[in-house]
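Colleague: I'd like a close look at one part of this model, together with whatever packs around it. Please take me through it step by step.

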Amino acid sequence: MKRINEIFYSLQGEGYNTGTAAVFVRFSGCNLQCHFCDTDHHSGTVMSERQIIEAIMQYPLAPLVVLTGGEPSLFIDHDFVALLKHYTGKRIAIETNGTNPLPDNIDWVTLSPKGAYQGGDTFPLLIDRCDELKVVYTGQPLDGYFKIQATHRFLQPCYCADPELRNANLQATIQAALADPRWRLSLQTHRLLGIR
């Protein structure tokens, strides 16, 4: 049984797979307390693995399942990922803060370390390689992130409710990407489009 915040079909709004149709399985619960998190960890429905698979199968056209949260690595294991792959036939991606080990049968790992933020620095980073590294940028030093082996590196401006601060984060992120082209800019296009 797993506590699920929501399962929905949309377009991936961030990073390398931006624009890709996907089923998002948002787990409720995290081991960190980042101030900018967009998940309500106090709500959710307890679901069996079978119920989760049945919910995913309502969207047969999606080529991708994105395990997100919260922190999905707290709730999954190799067997669960194998079941998802077997019954859905879809690629399985995860968005993780990297503070827990991951099963070895995940197809795409998006690592978004949170150690640079108050509330996100509670646990050490345990993952040192990923398909894509997505850094939520607030002006922090970036050199330490190059210890992580990543095929793709993205800087994403930290979203906040205050429009002036949000724009300042965006401008700082643009300048950081221009100053070091090893980084690519990632925007939360789902927010810009008004979709989930």
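**One helix and its surroundings**

Modeller: Just after helix H2, Gly89 takes a positive phi of about 70°. The model is a predicted one, in which local features need pLDDT of at least 70 and side-chain atom pairs pLDDT 80 or more, while totals for chains, interfaces and linings use all residues. Numbering starts from 1 along each chain, and side-chain values use heavy atoms, without hydrogens or water.

Let's take the helix itself. H2 spans residues 78–88 (helices are DSSP runs of H or I with at least four residues, strands runs of E with at least two, numbered from the N terminus). Four of its residues, Phe80, Val81, Leu84 and Thr88, are buried (under 20% relative accessible area with a 1.4 Å probe; exposed is over 50%). These four lie on the same side of H2, because they cover an arc of only 100° around its axis, taken from the directions to the C-beta atoms. The face turned away from that buried side carries Asp79 and His86, both exposed.

Asp79 also takes part in the start of the helix. Asp77 caps the N-terminal end of H2, with a side-chain oxygen 3.3 Å from the backbone nitrogen of Asp79 (the cut-off for such N or O pairs is 3.5 Å). Ahead of H2 comes the loop from E4, where Gly70 has its place. Gly70 is joined to Gly69 by a cis peptide bond, with omega about 15°.

What sits over the buried residues of H2? The cover includes strand E1 (2–11), strand E2 (21–27), helix H1 (49–56), E4 and E5. A residue to add to this picture is Ile106, found in the loop between E5 and E6. Ile106 counts as buried because its relative accessible area is 11%. Apart from neighbours within four places in sequence, Ile106 is in contact with Val81 of the helix, and also with Ile76, Ile92, Ala93 and Ile94 (contact is heavy atoms within 4.5 Å). Ile106 and the capping residue Asp77 are 29 residues apart along the chain, and their C-alpha atoms are separated by 9.8 Å.

From E4 and E5, which help to cover H2, we can step to the cavity. The whole structure has one cavity of 30 Å³ or more (points on a 1 Å grid where a 1.4 Å probe fits but cannot get out, with lining atoms within 4 Å of a point). The largest cavity holds about 80 Å³ of space. Its lining has 13 residues, and those nearest the centre are Gln12, Glu14, Glu95, Thr110 and Glu132. At least two lining residues come from each of E4 (64–68), E5 (91–96), E6 (108–111) and E7 (129–137). E5 supplies three residues, the largest share of that lining. So E5 appears in two places here: in the cover of the buried residues of H2 and in the lining of the cavity.

Two of the residues nearest the cavity centre, Gln12 and Glu132, lead on to Asn17. Asn17 has its place in the loop between E1 and E2. Asn17 counts as buried because its relative accessibility is 12%. Beyond its neighbours within four places in sequence, Asn17 is in contact with Gln12 and Glu132, as well as with Leu64 and Trp108.

Key: On a 1 Å grid over the protein atoms alone, a cavity is a set of points where a 1.4 Å probe fits but cannot get out, and a pocket is an open set with protein on both sides within 12 Å along at least five of seven lines; lining residues have an atom within 4 Å of a point. Grid points are joined across faces, edges and corners, and a volume is the space filled by probe spheres set on the points. A polar contact is a pair of N or O atoms within 3.5 Å; within protein, one must be able to donate a hydrogen and the other to accept it, and residues adjacent in sequence count only if both atoms are side-chain atoms.
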